Amino acid sequence: MSPAATAPQPPSGPRAARKRQAIVTAARTLFLREGFGVGMDAIAAEAGVSKVTVYNHFGSKEALFTAVIAGALDHPSSGPGGGEDSAAPLARLAEAADGDGDGELRTAFMDAARAWVHAVRDDREVAALRTLVSAELHRFPELGEAWRHDSPTGHHPVVAGALRTLTERGRLDIPDLEVATLQLYALLVHPHMVFGQYGAVMDDDLTERLLVSGVDMFLAQYAAGA
């Protein structure tokens, strides 16, 4: 029996969360350095945990790689200068639910979107991971299968969680969270990913225009009472 089969449910609790993050961080480093072919033994050693612990949390290398990609999009590294994850303002969007009026909600969305988009656009590791996926798919088609077998809300829990909370508090009216999560990514992030695939970077002026119109389109569709 493989180690993955011994733990159908991932460990939970603060200590398990710290180990899980250490594993994702180590995997991100090694996948970028050595490709998807890197062994789970090496990832475990880099994370300072046992190989069994890695499998207990993720079940397979494909699942771990998917978690690395999802984490890179939800929490791109803050770059050489440090700072908070780009999705942290998105996680705080729910605070806007306690404000008055649509203007405050729009401002919160704009602030969160700017931090998120600029980090994704300028994060070299995110670009490198996208390139890695494209390069490795022909050797490891299971990467595509692992990605398709999860939902957008599973890939991007920070974004989905913020939208879910705002819906529960009555500020947004989202009947299909999976579709809304994909639409927000399509409006704000995916254009930069397309530019990046061709070695180009969208300029600041176009980035801002795309961001403002994207937030307005999203809120026109999903703001409560829209």
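Helix H1 covers residues 14–34, and its 21 residues reach 30 Å from the first C-alpha to the last, close to the 30 Å expected at 1.5 Å a residue. That expected span is 1.5 Å times one less than the number of residues in the helix. Helices here are DSSP runs of H or I with at least four residues, strands are runs of E with at least two, and both are numbered from the N terminus. This is a predicted model, in which local features need pLDDT of at least 70 and side-chain atom pairs count only at pLDDT 80 or more, while totals for chains, interfaces and linings use all residues. Residues are numbered from 1 along each chain as its sequence is written, and side-chain values use heavy atoms, with hydrogens and water left out.

Quite a few H1 residues are tucked away: Ala16, Ile23, Val24, Ala26, Ala27, Arg28, Leu30 and Phe31 are buried. Buried means under 20% relative accessible area, exposed means over 50%, and partly exposed is in between (1.4 Å probe, protein chains only). After H1 comes Gly35, with a positive phi near 90 degrees.

Helix H10 (157–168) tells a similar kind of story. Its 12 residues should span 16 Å at 1.5 Å a residue, and the end C-alpha atoms are indeed 16 Å apart, so the two values agree. The buried residues in H10 are Val158, Val159, Ala160, Ala162, Leu163 and Leu166. Just past this helix, Gly170 has a positive phi of about 85 degrees.

Zooming out, the protein has 13 helices and 0 strands. Of its 226 residues, 42% count as buried. Contacts (heavy atoms within 4.5 Å) often join distant parts of the chain: among those with a separation of 6 or more, 74% are between residues 24 or more positions apart. The accessible surface comes to about 11,400 Å², with 54% of it belonging to carbon and sulfur atoms; such areas come from the Shrake-Rupley method with a 1.4 Å probe, and for residues only the protein chains shown count as cover.

Now for the inside. In soluble globular proteins, nonpolar side chains tend to be buried together. A nonpolar core is a set of buried Ala, Val, Leu, Ile, Met, Phe, Trp, Tyr and Cys residues joined through side-chain atoms within 4.5 Å. The largest one here has 29 residues, and those with the most contacts inside it are Phe109, Trp116, Leu163, Leu172, Leu188, Val215 and Phe218. H6, H10, H11 (177–188) and H13 (204–222) each supply at least two residues of this core, and the largest share, 8 residues, comes from H6. Apart from it lies another core of 23 residues, among them Ala27, Ile43, Ala47 and Phe58. Back in H10, Leu163 is in contact with Phe109, Leu172, Ile174, Leu177, Ala180, Thr181, Leu184 and Phe218, leaving aside neighbours within four places in sequence.

Asp111 sits in helix H6 (residues 101–122). Asp111 counts as partly exposed because its relative accessibility is 47%. Leu93 is 18 residues away from Asp111 in sequence and 9.3 Å away in space, C-alpha to C-alpha.

Helix H12 (residues 190–197) holds Phe195 as well as His192. With a relative accessible area of 33%, Phe195 is partly exposed, whereas His192 counts as buried at 7%. Not counting residues up to four places away in sequence, His192 touches Val117, Arg121, Arg130, Met202 and Thr207.
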